[in-house]
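This briefing is written for reading beside the sequence and the structure. It takes up charged pairs, nonpolar cores, a glutamine and some backbone angles in turn.

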Amino acid sequence: MPEITAIMLDSREPSWVQNLKFEKIPATVTFLETGDALAVTSDGHTLIIERKTPDDFLNTLKDERLFPQLARMTEARNAQQAAGLPVTTWPYLVITDMFGVDHKTGKVVTQRGVTGWSFAAVWGTILSIQEMGVFVIFAAGDA
């Protein structure tokens with residue numbers, strides 16, 4: 001079973017992220033062209049990880065920055081596939097909480113309350129992201 005052997009954190013992340021400890025895995029803070037973190041595994045794979053709170057997810061979607069950001073994360077993997085090489089780069093979007101739903105309106109609920117976003121539309125967006133080849137994972141929180 002492959003293990004994570006090194007982690008690189010983006011220097012633009014908040015200090016609490018830059019100061020995270022990963023037990024015995026060495027971590028460094030550096031400027032990353034794409035993603036908030038890169039994790040290198042013992043079998044030579046690289047995980048490109050973008051972390052977003054639900055509100056950040058919605059804001060980057062609204063500002064039309066989300067899909068270009070995620071597309072950049074898939075470039076290395078797509079190039080490997082196009083060249084007939086083994087795929088060793090895997091993009092992940094980690095959303096740090098679940099989207100709630102207001103059952104009366106069908107609108108998304110986040111930490112800030114009921115939003116103007118349709119719950120169905122947000123889930124459709126998540127499906128589109130997965131179709132791009134980005135794995136979507138929901139975490140229980142920032143930590």
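At 44% relative accessibility, Asp63 counts as partly exposed, because that value lies between the 20% limit for buried and the 50% limit for exposed. The model discussed here is a predicted one, and Asp63 offers a way into its charged pairs, since the side chain of this residue meets that of Arg65 in a salt bridge.

**Charged pairs**

- The structure holds 6 salt bridges, and one of them joins the side chains of Asp63 and Arg65, with a nitrogen-to-oxygen distance of 3.3 Å.
- Arg65 has a relative accessibility of 43% and therefore counts as partly exposed, as does Asp63 at 44%.
- Side chains of opposite charge can pair when their charged atoms come close.
- Glu50, Lys52 and Asp56 are linked in a network of salt bridges, in which the side chain of Lys52 meets that of Glu50 at 3.3 Å, N to O, and meets that of Asp56 at 3.7 Å, N to O.
- Which members of this network are buried and which are partly exposed? Lys52 and Glu50 are both buried, whereas Asp56, with a relative accessible area of 29%, is partly exposed.
- For Lys52 the relative accessibility is 2%, which is under the 20% limit, so this lysine counts as buried.

**Nonpolar cores**

- The largest nonpolar core has 18 residues, and among these Phe57, Leu93, Phe99 and Ile129 touch the most other members.
- Two or more residues of this core come from each of the elements α2 (54-62), α3 (66-82), β5 (89-95) and α4 (119-131).
- A second, separate core consists of 6 residues, including Ile7, Val17, Ala37 and Ala39.
- Leaving aside residues up to four places away in sequence, Leu93 touches Phe57, Leu70, Ile129, Val134, Phe135, Val136 and Ile137, and its contacts also include Glu50 and Lys52.
- Leu93 thus links two topics of this briefing, because Glu50 and Lys52, which it touches, are also members of the salt-bridge network with Asp56, and a contact here means heavy atoms within 4.5 Å.

**A buried glutamine in α3**

- Gln80 is found in helix α3, which is also one of the elements that give two or more residues to the largest core.
- Is Gln80 buried or exposed? Its relative accessibility is 14%, and it therefore counts as buried.
- The side chain of Gln80 makes a polar contact with the side chain of Thr89, at a distance of 3.3 Å.
- Besides Thr89, the residues that Gln80 touches are Leu85, Pro86, Val87 and Thr88, when residues up to four places away in sequence are not counted.

**Positive phi angles outside glycine**

- Glu64 has a phi near 60°, a positive value in a residue that is not glycine, and this residue lies in the loop between α2 and α3.
- With a relative accessible area of 67%, Glu64 is exposed.
- Glu23 likewise has a positive phi, of about 50°, although it is not a glycine, and it is found in the loop between α1 (15-18) and β2 (27-30).
- The relative accessibility of Glu23 is 83%, so this residue counts as exposed.

Notes
Residues are numbered from 1 along each chain as its sequence is written. This is a predicted model: local features need pLDDT of at least 70, side-chain atom pairs count only at pLDDT 80 or more; totals for chains, interfaces and linings use all residues. Side-chain values use heavy atoms; hydrogens and water are left out. A nonpolar core is a set of buried Ala, Val, Leu, Ile, Met, Phe, Trp, Tyr and Cys residues joined through side-chain atoms within 4.5 Å. Buried means under 20% relative accessible area, exposed over 50%, partly exposed in between (1.4 Å probe, protein chains only). Helices (H or I, at least four residues) and strands (E, at least two) are DSSP runs, numbered from the N terminus. A polar contact is a pair of N or O atoms within 3.5 Å; within protein, one must be able to donate a hydrogen and the other to accept it, and residues adjacent in sequence count only if both atoms are side-chain atoms. A salt bridge is a side-chain nitrogen of Lys or Arg within 4 Å of a carboxyl oxygen of Asp or Glu.
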